[in-house]
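The exercises below are meant to be worked with the sequence and the coordinates side by side. Each task sentence is followed by a solution that goes step by step.

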Amino acid sequence: MVSTGARQGAGAPRAVEPARTAIHGGPTGGSARESVTGGIVAISGAAAAVDLTVDLAPTRGGLVLANPILVASGTFGYGIEYGDVVEVGRLGAICCKGTTLRPRIGNPTPRVSETPGGMLNSIGLQNPGVDAVVERYAPLWATWRTPVIVNIAAESVADYAEIARRLDGVPGVAGIELNISCPNVGRGGLQFAIDESAAGAVTAAVRRATDLPLLVKLSPNVADVRPIARAIAAAGADALTAINTLSGIAVSADRRRPLLGNVFGGLSGPAVKPVALRVVYEVRQVVDIPIVAIGGVTELADVLDFLAVGAVAVQVGTAIFADPALPVRLVGQLAEAAARAGHASYRPFIGTALPAKPGVPSAKGVEYRP
């Protein structure tokens with residue numbers, strides 16, 4: 001089934017009849033490779049009985065995904081770009097490219113630099129604007145079983161709310177991921193994610209503008225992410241995404257200038273995974289809403305690590321550029337891992353590395369971190 005149960009607009013959640021047909025090979029259909037019924041991904045053997053469903057908006061009518069493997073914004077286009085090489089219909093959800101109120105041409109080139117542990121990018125949210133996204137892509141998304149979550153970014157609270165308003169009720173838009181933490185744009189980038197009051201205010205404004213399930217993306221570029229996470233949850237977010245990229249720079253070969261045209265870029269890939277694990281671990285202990293982890297997922301072990309520190313789902317990002325089929329493979333590998341462990345679902349993997357109870361803050365108000 002791909003009973004996504006995913007909301008397709010404002011008002012009551014779209015009724016999703018339990019699917020009885022096979023999940024299709026591509027976003028618009030294709031040869032069936034596996035069947036999914038009632039959230040049970042049928043792969044092979046004991047893995048066929050494993051329930052991989054996850055709800056990212058359990059208090060708001062539900063954003064139920066067939067499995068917890070998503071693709072990250074900025075790494076998978078609008079979903080259609082990978083249709084010929086990836087069975088898009090097997091993904092839990094797609095987070096599309098960052099979308100702004102008006103079209104953006106992005107930052108000056110060069111925009112990308114490889115690093116020993118990942119990638120540094122400063123694309124700068126190049127996109128056609130929210131109206132074009134709704135016109136060009138949403139009608140196609142509405143025919144897919146895989147939900148599409150629109151990642152949005154803006155330069156002001158008013159613009160964030162306006163983008164959300166224009167997406168509200170649009171068939172094919174299953175949810176919104178609020179990007180308040182992009183490190184490689186100017187105004188409206190990181191500034192919303194580094195202050196709990198600003199993060200709470202923009203979340204509340206978007207919450208008032210739409211009933212769509214709302215995920216908010218946290219930044220690792222802060223001293224303490226926990227009060228920011230609390231403010232976002234209190235303002236009405238349904239889930240958190242952790243983390244966005246780490247701010248960094250690269251130097252040109254002649255060492256006379258920074259390499260990237262925008263000077264600053266966002267570091268992603270395996271190098272950021274320990275930071276992402278730490279953020280998820282900390283945030284899980286202070287909020288009750290679902291956390292979707294992102295940061296350096298390249299294999300099943302990374303997925304299991306993020307689940308262990310409290311995430312309920314993961315996004316695959318930078319690794320897609322080298323291996324577009326990785327996210328789909330991880331779906332099957334996760335089911336097989338659960339089956340080998342004797343689990344009926346993947347949920348027993350969640351939170352196994354968390355402390356029995358949240359740590360008590362130190363008397364000085366800061367916790368020691370080596």
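A residue is called buried when its relative accessible area is under 20%, exposed when that area is over 50%, and partly exposed in between. The model is predicted, and the values used in the solutions are computed from it.

**Exercise 1.** Decide whether Asn179 is buried or exposed, and describe its surroundings.

Solution. Begin with the position: Asn179 belongs to strand β11, which covers residues 175–179. Next, apply the cut-off: because the relative accessibility of Asn179 is 6%, the residue counts as buried. Then list the neighbours, setting aside those within four places in sequence: Asn179 is in contact with Leu125, Asn151, Ile152, Ala153, Tyr160, Lys217 and Asn244. With Asn244, finally, there is a polar contact between the two side chains, at 3.1 Å.

**Exercise 2.** Work out which residues of helix α5 are buried and which elements they pack against.

Solution. Helix α5 spans residues 226–234, and its buried residues are Arg226, Ile228, Ala229, Ala231 and Ile232. For the pattern, recall that an α-helix has 3.6 residues a turn, so residues three or four places apart point the same way. The packing partners of these buried residues are α4 (196–209), β12 (214–217), β13 (239–242) and α6 (273–284). Arg226 deserves its own step: with a relative accessible area of 17%, Arg226 is buried, and its side chain is joined to that of Asp224 by a polar contact of 3.0 Å. The C-alpha atom of Arg226 is separated by 9.8 Å from that of Val280, although the two residues are 54 apart along the chain. After the helix comes Gly236, whose phi is positive, near 110°.

**Exercise 3.** Find which residues have the most contacts inside the largest nonpolar core, and which helix gives the most to this core.

Solution. The largest nonpolar core contains 97 residues, and those with the most contacts inside it are Leu56, Trp141 and Ile180. Helix α8 (residues 326–340) gives the most to this core, with nine residues. To see the setting of Leu56, leave out residues up to four places away in sequence; its contacts then include Leu63, Leu65, Leu70, Leu215, Pro290 and Val292, and also Asp238.

**Exercise 4.** Trace how the salt bridges of Arg60 and Arg347 connect parts of the chain.

Solution. Start with Arg60, which forms a salt bridge with Asp238, the closest N and O atoms being 3.1 Å apart. Arg60 lies in the loop between β4 and β5 (64–65) and Asp238 in the loop between α5 and β13, so this pair ties together parts that are 178 residues apart in sequence. By relative accessible area, Arg60 is partly exposed at 25%, whereas Asp238 is buried at 4%.

Turn next to Arg347, whose salt bridge with Asp51 has its closest N and O atoms 3.7 Å apart. This pair links distant parts of the chain, with Arg347 in the segment after α8 and Asp51 in the loop between β3 (40–42) and β4 (54–55), 296 residues apart. Here Arg347 is partly exposed, with a relative accessible area of 37%, and Asp51 is buried, with 18%.

**Exercise 5.** Identify the residues that form a nonpolar patch on the surface.

Solution. The patch is formed by Ile249, Val251, Val263 and Phe264, which together have about 350 Å² of accessible area. Of these, Ile249 can be placed in strand β14 (residues 246–249).

Technical notes:
Residues numbered from 1 in each chain as written. Predicted model: local features only at pLDDT ≥ 70, side-chain atom pairs only at ≥ 80, totals over all residues. Heavy atoms only, no water. Buried < 20%, exposed > 50% of the residue type's maximum accessible area, 1.4 Å probe, protein only. Helix = DSSP H or I, 4+ residues; strand = E, 2+ residues; numbered from the N terminus. Contact = heavy atoms within 4.5 Å. Core = buried A, V, L, I, M, F, W, Y, C linked by side-chain atoms within 4.5 Å. Patch = residues over 30% accessible without salt bridge, like charges linked within 9 Å, V, L, I, M, F, W, Y side chains within 5 Å. Areas by Shrake-Rupley, 256 points an atom, 1.4 Å probe, with all protein chains shown as cover. Salt bridge = Lys/Arg side-chain N within 4 Å of Asp/Glu carboxyl O. Polar contact = N/O pair within 3.5 Å; in protein donor to acceptor, adjacent residues only side chain to side chain.
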